[in-house]
Structures are given as structure tokens and as C-alpha cells.
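Here are some notes for a colleague who is opening this entry without having seen it before. Please keep the sequence and the model side by side while reading the points below.

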Amino acid sequence: MKDPAQKATCTKEGKTEGSHCSICKKVIQPQISIPVTLHHYQKKVTKATLSKNGANVTKCMQCGTVLQQNIIYSPKTVSLSSESYTYSGKENRPAVTVKDSAGKMIDGKYYTVSYQNNQNSGIASVVLTFKDCYSGVLTETFTIAPKSINFSKVKAKSNKIALKWKKQKKQASGYRIQYSTNKKFKGKTTKVIKIGKPNAESKTISKLKSGKKYYIRICVYKTVKSNGNVQEIESGWSKAKSVKLAKKK
């Protein structure tokens, strides 16, 4: 009667084929032991996503013995070298730093970077597309403010102040004018006028107190939509101008 061969594995010895008498059990051809084989290791990568860690595992495909296992932590934070710019007519490309959920930096070879709406004033985007042992897309935003402007003319007229400036038609939605008797623009006398016309280039402020000294400045704003919300991005304020109204006679 034949004794079947048994294949050696990485955890168990094998045997060659043999035979014995089916009646008296006497061995006719003895079986010879076959030594344990080497582990058959194979590397498997499970990609890290934006919500779940991945893993780099080297294990035996026969018995499941793990030789090496490394966690691939999921991408978590994106930092930009600058989050705000002023319109210059050129594209803005802030440098990107990405860290994983363990707080370690992810090498730039594992993602590509592209920029959207990064020239005109408004809200621009940096899009990171992960690859290799990572998967997913992360988007970070930054702002491009309109260029600031200055008054070209400030003239007192009794209890009025006449203002002129050079309009900024293409990169603006309008202007804000702030005036106050306080040079730091604080207190109840501080007022703001919003002018929602980019073509506007003059404004007369009336009903002011004669004999008072007023401080005035202007900024440009751009109205944009972001994630369904309306947002106004402002330039910096101009250097304040001062003018003193004549006293009533």
C-alpha cells in the first residue's frame, strides 16, 4: 500500500512517497523526510487615504508570517509659505508643506501640486493630488487682495470734504472710505462709506462738523464666492490724509 508524499512547507517538514504492507504493516519503502522550505516573502502596499492609514507589509504568502510592517500615516495638514498676496498681474505659487497624521513631513515625490485662479484678485487654490503609496486630493486656499490706492485729491469745502482717486476697474468690486476725527480711526466719530461701483473715482462726504480735523483713508475690495459663501477681500488701507474744516463765521 502506498504512503503518499507530503510537500514540505515553510512551517512543516515534508515526506517522500513510500509504501507498506496493508496486512502486516511492514514498511516496504520507507518515507524520507524533506526539510522545511524557506519562507516565501512578498511585499504588499495598502495606500493611505485622507481618512485612513495605509501599510507597507512584507509577509510570507504561505504561512502569513510577517517579516516587516510599516504604517503609512494618512495626509492631514497642508501649510503654504504665504496665505495672502497682493495683485501684481503675475501668477502666485506659494510653496507647499504637507504633514501626515503623525506630524511628519510627507516628501514631495508623493504628490503633485497645481494652482487654480492664482493670478487675479480673489480666492486662489492649491490642489495636491497624492500618488504611489498615498491616494486622494487635498485643496488649500489663499487670497489675492486688490492693489491698494491713494487719494489723488482731498479738498475741504465748508462742512464737506471732496475726494478723488484713480479707479481700479478690473480687479475691484468697489471701495471703502473711512473717516474720523481720531487719527487712529477709533471711537464714535469713525465712519465707513461703502461704494459698490468699481468705476467710481470721486466722493463728497457731507454733514461734517466745521472746525474739526478729519482723517481719511481708502481701500479697495473685491467680492468673491467661496464654497457657496460670498466674501469680500480688501486691499490694505491707504496712508491717511488729514484735512481741517474751516470754522463757521
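**Notes on a predicted model**

1. Ser173 is a convenient place to begin in this predicted model, and this residue sits in the loop that runs between strand E16 (160–165) and strand E17 (174–180). A polar atom of the Ser173 side chain lies 2.9 Å from the backbone nitrogen of Thr223. Once residues up to four places away in sequence are set aside, Ser173 touches Gly196, Lys197, Pro198, Tyr221, Lys222 and Thr223, so that Thr223 appears both in this contact list and in the polar pair just described.

2. Strand E16 also belongs to an open sheet of three strands, whose order is E15-E16-E19 and whose pairing is antiparallel. Strand E15 (151–157) and strand E19 (202–205) stand at the edges of this sheet and have a single partner strand each, which means that one side of each is left without a neighbour in the sheet. From one strand to the next, the twist averages 15°.

3. Within that sheet, the pairing of E16 with E19 is antiparallel and extends over four bridges. For a reader who wishes to find this pairing in the model, Ile161 can serve as a marker, since it stands opposite Ile205 in E19.

4. The cysteines deserve a separate look, as the structure holds zero disulfides. Cys21 is in no disulfide, and the nearest cysteine sulfur, which belongs to Cys24, is 3.5 Å away; Cys21 is also partly exposed, with a relative accessible area of 23%. For Cys63, the closest cysteine sulfur is that of Cys10, at 3.6 Å, which is too far for a bond, because a disulfide requires the two sulfur atoms to be within 2.5 Å. Cys63 counts as partly exposed as well, at 33% relative accessibility.

5. Which residues does Lys147 contact, leaving aside its neighbours within four places in sequence? Lys147 is placed in the loop between strand E14 (137–145) and E15, and there it is in contact with Thr86, Tyr87, Gln168, Val220 and Ser235. One of these, Thr86, is 61 residues from Lys147 in sequence, although the two are 5.9 Å apart in space when taken from C-alpha to C-alpha. Even with these contacts, Lys147 counts as partly exposed, at 44% relative accessibility.

How values were computed
Residues numbered from 1 in each chain as written. Predicted model: local features only at pLDDT ≥ 70, side-chain atom pairs only at ≥ 80, totals over all residues. Heavy atoms only, no water. Helix = DSSP H or I, 4+ residues; strand = E, 2+ residues; numbered from the N terminus. Polar contact = N/O pair within 3.5 Å; in protein donor to acceptor, adjacent residues only side chain to side chain. Contact = heavy atoms within 4.5 Å. Pairing = 2+ DSSP bridges. Axes fitted to C-alpha atoms, helices over the stretch in contact; angles between N-to-C directions. Buried < 20%, exposed > 50% of the residue type's maximum accessible area, 1.4 Å probe, protein only.
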